[in-house]
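The following note sets out several points on the model for a colleague's consideration. The points are numbered for ease of reference.

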Amino acid sequence: MRRTMVKATMCGVAMLTLASASHAQRQVAGVITDPADPRFITAQTRKQGGPMPAEQLALVFDHLDHALKVFPTGKRIEGVTKLRFTTKAPIRTLILDLYPKYTITSIAIDGKVVSPSAYSNPEGQLRITLPAPYAAGATFTAEVIYAGTPPLAKRPPWEGGTTWATTPDGKQPWIDTSLWGGGCDLLYPCLDHPTLKPATTDLHYTVPTGLMAPGNGFLVSTVEKDGWTTWNWQARSVHTYGSVLNVGPYKVLEGEYKSRFGNVIPLRLYYIPEEEQEATELFSEFPQTLDFWENVIGPYPWADQKMGVVRVPFSGLENQTLIGHSGPYVKTEFGWDFLLNHEFAHEWFANQLSNANYDDLWLHEGLGSYAQPLLAEYLGGELDYMAQLRSQRNGIRNEQPLVSGRERSEKEVYADPSGPRGDIYPKGSWVAHTLRKLIGDEAFFTSIRTLTYGRPDPLPGNFTPQFGTTQGFLQIVNRVTGKDYQWFFNVYLYQAALPKVVTTHENGLLTVRWDVPAKLPFPMPLDVRVDGKIVTLPMTDGTGETPAARLASVTIDPTSKILRQLDAVDKLQAWQAARAAAGRRQ
């Protein structure tokens, strides 16, 4: 997900202008608490991940068959969702997550309709008393038929929901549903936890003929009947916030990419009429983007489906095999589109490698953000690599640790002041950069591949989607390097403040030491340039020294290998905060 707007959330979400003062009083820090507001969702529906009921954790989600009929004029949907599960433990109650304002027409278990008295959904956790308990190892199917208006997106894509828009010319419907900031239950019944995504998925989107409904995975067929067209898609391992409903008068650019691994990847870009020139320019970047990823990281995980981009009416989102792009298609000094490449990074770091716990969300956004310096380095060299990192460094706030070590929901990490919020992007990227410089390219990229693919030698067909954790990443790094880097993870991921270099200069010696949060061990080697000569200090016990005349020219970490506290950045951020505060007072 795009970082620039997330940065704004760290300063607080702007209040909406409301005509009613009493309505405004029900707004708290941007949270909509009026149930009559079409953007309102319950705390349960807003919850994405975090602790889950034992009944949900007892399930393996084998298959999702999800059919939606979309009524653009009425801004409503009709859904038929079938879910097939295998039990890991005995259950008597099926608990699904579903937006509670939908009207449920019927629920069936293994084809038998259950009485309305057997289920309830007051807050968004649909509890269904099963006709009979299931033992461990049982397989069963639930079908939910429902209808209604999905919650309107409050601030897409950072607060999820549906956007009912019209194309830029104002003539035709243009609909998008973003599931970040709420999850799959905004649109259909599901298990809203990253480890509970379905293994395989069939999607059937029925829309008025003349409109298109691009979807996840690959297109199986389209069927026209009585003024409606059904678009049938088939996908696998779609993330709980990575499924997508897009409807519009799209046109499509099509192509193929011949991979260095010998397979052929379908390329698709769904664009709005009148934007063909800009879309064509963006489409021309697809091959170089895949060149970078497949050369530096590994095979495109969804090569059997497509590399897809769809034009949406707001900023980007990592919908699996159909990433959202808001336009305009911006040119930069780096020669590539930032939004395309950041969101495409999530096909690896979110969709192929999914955090098992949103506490480890930096694995999505930090590694996804580090992909931009890596791409800059691949295409433009060291200058472009460092330019990307310099910009990212200025945005690191260090208000909370990146990782807490406990089960957390997306909101606790991404939006609440108690979480790291925007730091998961630039700080996560700089953690990756520092680790790379510490252990070297071979060990770093082997570790990243192993984390992402479950093996260091991925080839098309020999890997499966992975769930990752911070501690799991540490174990991989330790195994690959043969050393213990717990100290590195302890300081950079489980502490908020950054390590600081403290220097003293006397009697012809320059002495340096690491000032580390909680006085933790930090044997980070440190380069020091003295009168043009670089000396590497081992810093085994956190200190080091080197000869230096009283007037010697000294530069600490001259090639910027290490994420550390910098006075210049602290002063810049204080100045920016003062200017912002002064602007608010005017």
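**Notes on the predicted model**

1. Cavities. The structure, a predicted model, holds three cavities of 30 Å³ or more. The largest cavity contains about 60 Å³ of space. Its lining is formed by I297, F349, L367, Y370, A371, L374, F444, F445 and I448. Two elements, α8 (362–380) and α12 (441–453), each give two or more residues to this lining. The largest share, four residues, is supplied by α8. In chemical terms the lining of the largest cavity comprises nine nonpolar residues, with no polar and no charged ones.

2. Confidence. The average pLDDT over the chain is 93, and 95% of the residues score at least 70. Residues 4–29 require a separate remark: the pLDDT over this stretch is below 50, although the stretch has 32 contacts in the model beyond near neighbours in sequence. Where pLDDT is low, predicted coordinates should not be read in detail.

3. Strand β6. How many of the seven residues of strand β6 (residues 103–109) are buried? Five of them are, so β6 is largely enclosed by the rest of the structure. Strand β10 (residues 139–148) runs antiparallel to β6, and six bridges join the two. Within this pairing, I107 has V144 of β10 as its bridge partner.

4. The hairpin of β6 and β7. Strand β7 (residues 112–113) also pairs with β6, in the antiparallel sense and over two bridges. Here A108 is bridged to V113 of β7. Two residues lie between the strands of this hairpin, and D110 takes a positive phi near 50°. A reader inspecting backbone torsions may wish to look at D110 in the hairpin of β6 and β7.

5. The sheet of β5, β9 and β8. These three strands form an open sheet in the order β5-β9-β8, with antiparallel pairing. Which strands stand at the edges? They are β5 (91–97) and β8 (119–120); each has a single partner strand, so one side of each is left without a neighbour in the sheet. The pairing of β5 with strand β9 (residues 125–134) is antiparallel and extends over six bridges. Within this pairing, T93 has T129 of β9 as its bridge partner.

6. The environment of R46. Is R46, a charged residue, buried or exposed? R46 belongs to helix α3 (residues 43–46). Its relative accessibility is 7%, below the 20% cut-off, and R46 therefore counts as buried. Leaving aside residues up to four places away in sequence, R46 touches I41, E159, G181, G182, E410, K411 and A415. The contacts of R46 thus include the charged residues E159, E410 and K411. The C-alpha atoms of R46 and D185 are separated by 9.0 Å, while the two residues lie 139 residues apart along the chain.

7. Strand β27. The two faces of strand β27 (residues 543–547) have opposite surroundings: G544 and T546 make up the covered face, whereas T543, E545 and P547 make up the uncovered one. Strand β24 (residues 509–515) is joined to β27 by five bridges, and the two run antiparallel. In this pairing the bridge partner of V512 is G544, a residue of the covered face of β27.

Methods:
Residues numbered from 1 in each chain as written. Predicted model: local features only at pLDDT ≥ 70, side-chain atom pairs only at ≥ 80, totals over all residues. Heavy atoms only, no water. Buried < 20%, exposed > 50% of the residue type's maximum accessible area, 1.4 Å probe, protein only. Pairing = 2+ DSSP bridges. pLDDT = per-residue confidence, 0-100. Contact = heavy atoms within 4.5 Å. 1 Å grid on protein atoms, 1.4 Å probe; cavity = no way out; pocket = protein on both sides within 12 Å on 5 of 7 lines; lining within 4 Å. Points joined across faces, edges and corners; volume = space filled by probe spheres on them.
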